[in-house]
Amino acid sequence: MTEEEKRRRDLADRKFYPAEEEAKFEKSLPKQTPQTAHPAYKLAFQDKDFLLREELRPVRFQLELLKPEMILDEAGVGSTMVMYGSARIPPPESAEEALEGAKDLPDDERKIVESLVAKSKYYGEARKLARLVTEKSIIEDGKRQFVVCSGGGPSIMEAANRGASDAGGESIGLNIILPHEQAPNSYVTPYLSLNFHYFALRKMHFLLRAKAVAVFPGGFGTFDEFFELLTLIQTGKMKPMPILLFGKDFWTRVVNFEAIAEEGTISKKDLDLFRWCETADEAWAHISAFYELDR
């Protein structure tokens with residue numbers, strides 16, 4: 001009995017051909033005609049120009065929501081430890097070189113480099129926290145918990161993926177297409193290296209599986225992600241989770257949290273939504289206490 005005959009008699013076999021086979025049928029057409037050569041004849045799911053039309057934005061949204069969800073589910077990722085932070089802070093091993101290169105810069109530019117170098121300690125703490133969390137190798141309901149997840153880029157993001165790699169573990173990188181190309185850092189696990197067009201969908205995937213979020217000094221992107229997370233929990237759209245804010249000197253200089261509460265535009269208790277941290281050990285102690293984990 002041939003394979004085709006076996007399939008024909010298999011009661012569990014679907015009678016419709018999979019899309020992949022249909023695509024092969026289309027490619028095997030015996031000859032090109034004016035009709036088959038025209039873009040209108042292309043199968044819709046193979047027609048890139050069609051998929052990129054303005055009217056197809058809702059479909060692209062759905063695809064960008066679905067693809068990462070399927071990949072992470074198939075990878076057995078139950079929850080994530082998300083790490084936000086600057087793309088500009090140098091790793092400690094590059095600090096001296098950065099300072100040396102800044103010696104002849106104008107004062108204002110040199111001070112910026114010195115300020116970034118002073119924050120290189122947070123690269124080290126991000127790396128340590130990622131390593132520490134990954135070493136725990138927590139499995140629950142058959143799925144991996146607290147899998148490290150970063151924005152996939154350089155600096156603090158790189159530190160997160162690098163720390164997971166130090167521990168021999170896998171980690172996620174959620175990159176995004178930008179006018180100035182941002183390539184994934186080399187420590188992201190390749191099959192968990194995901195790319196986005198829409199910021200909104202990327203931010204959603206950061207939080208869909210998040211069980212804890214560490215926020216390091218950063219710029220507009222970090223502010224956006226951090227304050228959206230606070231808003232979601234403050235308004236009850238998300239359940240509370242550990243939010244670990246690293247770098248009190250930085251954050252209290254650039255954001256006057258107390259003043260916002262004093263102005264009455266947030267409640268004083270909203271300041272309890274996050275926890276100040278300076279070290280990876282402090283962060284993990286708070287996470288483990290929150291979830292009543294063995295440290």
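These legends describe close-up views of a predicted model.

**View 1. Strand β1 lies inside the structure.**
Strand β1 covers residues 80-84. Five of its five residues are buried, so the strand is largely enclosed by the rest of the structure. In a regular strand, side chains alternate between the two faces of the sheet. Look for the two sets here. Thr80, Val82 and Tyr84 point one way from β1. Met81 and Met83 point the other way. Both sets are buried.

**View 2. Strand β1 pairs with β4 and with β7.**
Strand β4 spans residues 147-150 and runs parallel to β1. Three bridges join β1 to β4. Thr80 has Val147 as its bridge partner in β4. Strand β7 spans residues 210-215. Five bridges link β1 and β7, again in the parallel sense. Here Tyr84 has Val215 of β7 as its bridge partner.

**View 3. Helix α11 keeps its buried residues on the same side.**
Helix α11 runs from residue 220 to residue 234 and has 15 residues. From its first C-alpha to its last, α11 reaches 21 Å. That is close to the 21 Å expected at 1.5 Å a residue. Which residues of α11 are buried? They are Thr222, Glu225, Phe226, Leu229, Leu230 and Ile233. These residues cover an arc of only 130 degrees around the axis, which puts them on the same side of α11.

**View 4. A salt bridge joins helices α10 and α11.**
Side chains of opposite charge can pair when their charged atoms come close. Asp224 and Lys203 form a salt bridge, with their closest N and O atoms 3.0 Å apart. Asp224 lies in α11 and Lys203 in α10, so the pair ties together parts that are 21 residues apart in sequence. Asp224 is partly exposed, at 35% relative accessibility. Lys203 counts as buried because its relative accessibility is 15%, and the cut-off for buried is under 20%.

**View 5. A salt bridge joins helices α8 and α14.**
The side chains of Lys128 and Asp281 meet in a salt bridge, 3.2 Å from N to O. Lys128 sits in helix α8 (residues 120-136) and Asp281 in helix α14, so the pair ties together parts that are 153 residues apart in sequence. Lys128 is partly exposed, with a relative accessibility of 28%. Asp281 is also partly exposed, at 42%.

**View 6. Helix α7 holds a salt bridge between Arg110 and Glu114.**
How many residues apart are Arg110 and Glu114? They are four residues apart, about one turn of the helix, and both lie in α7 (residues 107-118). Their side chains meet in a salt bridge of 3.0 Å, N to O. Arg110 is partly exposed, with a relative accessible area of 22%. Glu114 is partly exposed too, at 34% relative accessibility. Asp107 joins the picture as well: Asp107, Arg110 and Glu114 are linked in a network of salt bridges. The count for the model comes to 16 salt bridges.

**View 7. Leu65, Met204 and Leu208 make a nonpolar surface patch.**
The patch has an area of about 250 Å². Leu208 belongs to helix α10, which spans residues 199-208. Leu208 is partly exposed, at 46% relative accessibility.

**View 8. Helix α5 contains Glu69 and Glu74.**
Helix α5 covers residues 57-74. Is Glu74 buried or exposed? Glu74 is exposed, with a relative accessible area of 65%. Glu69 is partly exposed, at 30% relative accessibility. Now check two distances, each from C-alpha to C-alpha. Glu74 and Arg88 are 14 residues apart in sequence and 33 Å apart in space. Glu69 and Arg209 are 140 residues apart in sequence and 9.7 Å apart in space.

**View 9. Phe146 and Glu292 have positive phi values.**
Phe146 has a phi near 60 degrees, a positive value in a residue other than glycine. Phe146 sits in the loop between β3 (143-144) and β4. Phe146 is buried, at 7% relative accessibility. Glu292 has a phi near 55 degrees, and Glu292 is also a residue other than glycine. Glu292 lies in the segment after α14 (280-290). Glu292 is exposed, with a relative accessible area of 74%.

Conventions: Residues numbered from 1 in each chain as written. Predicted model: local features only at pLDDT ≥ 70, side-chain atom pairs only at ≥ 80, totals over all residues. Heavy atoms only, no water. Patch = residues over 30% accessible without salt bridge, like charges linked within 9 Å, V, L, I, M, F, W, Y side chains within 5 Å. Areas by Shrake-Rupley, 256 points an atom, 1.4 Å probe, with all protein chains shown as cover. Salt bridge = Lys/Arg side-chain N within 4 Å of Asp/Glu carboxyl O. Helix = DSSP H or I, 4+ residues; strand = E, 2+ residues; numbered from the N terminus. Buried < 20%, exposed > 50% of the residue type's maximum accessible area, 1.4 Å probe, protein only. Pairing = 2+ DSSP bridges. Expected span 1.5 Å × (residues − 1). Arc of directions from axis to C-beta.
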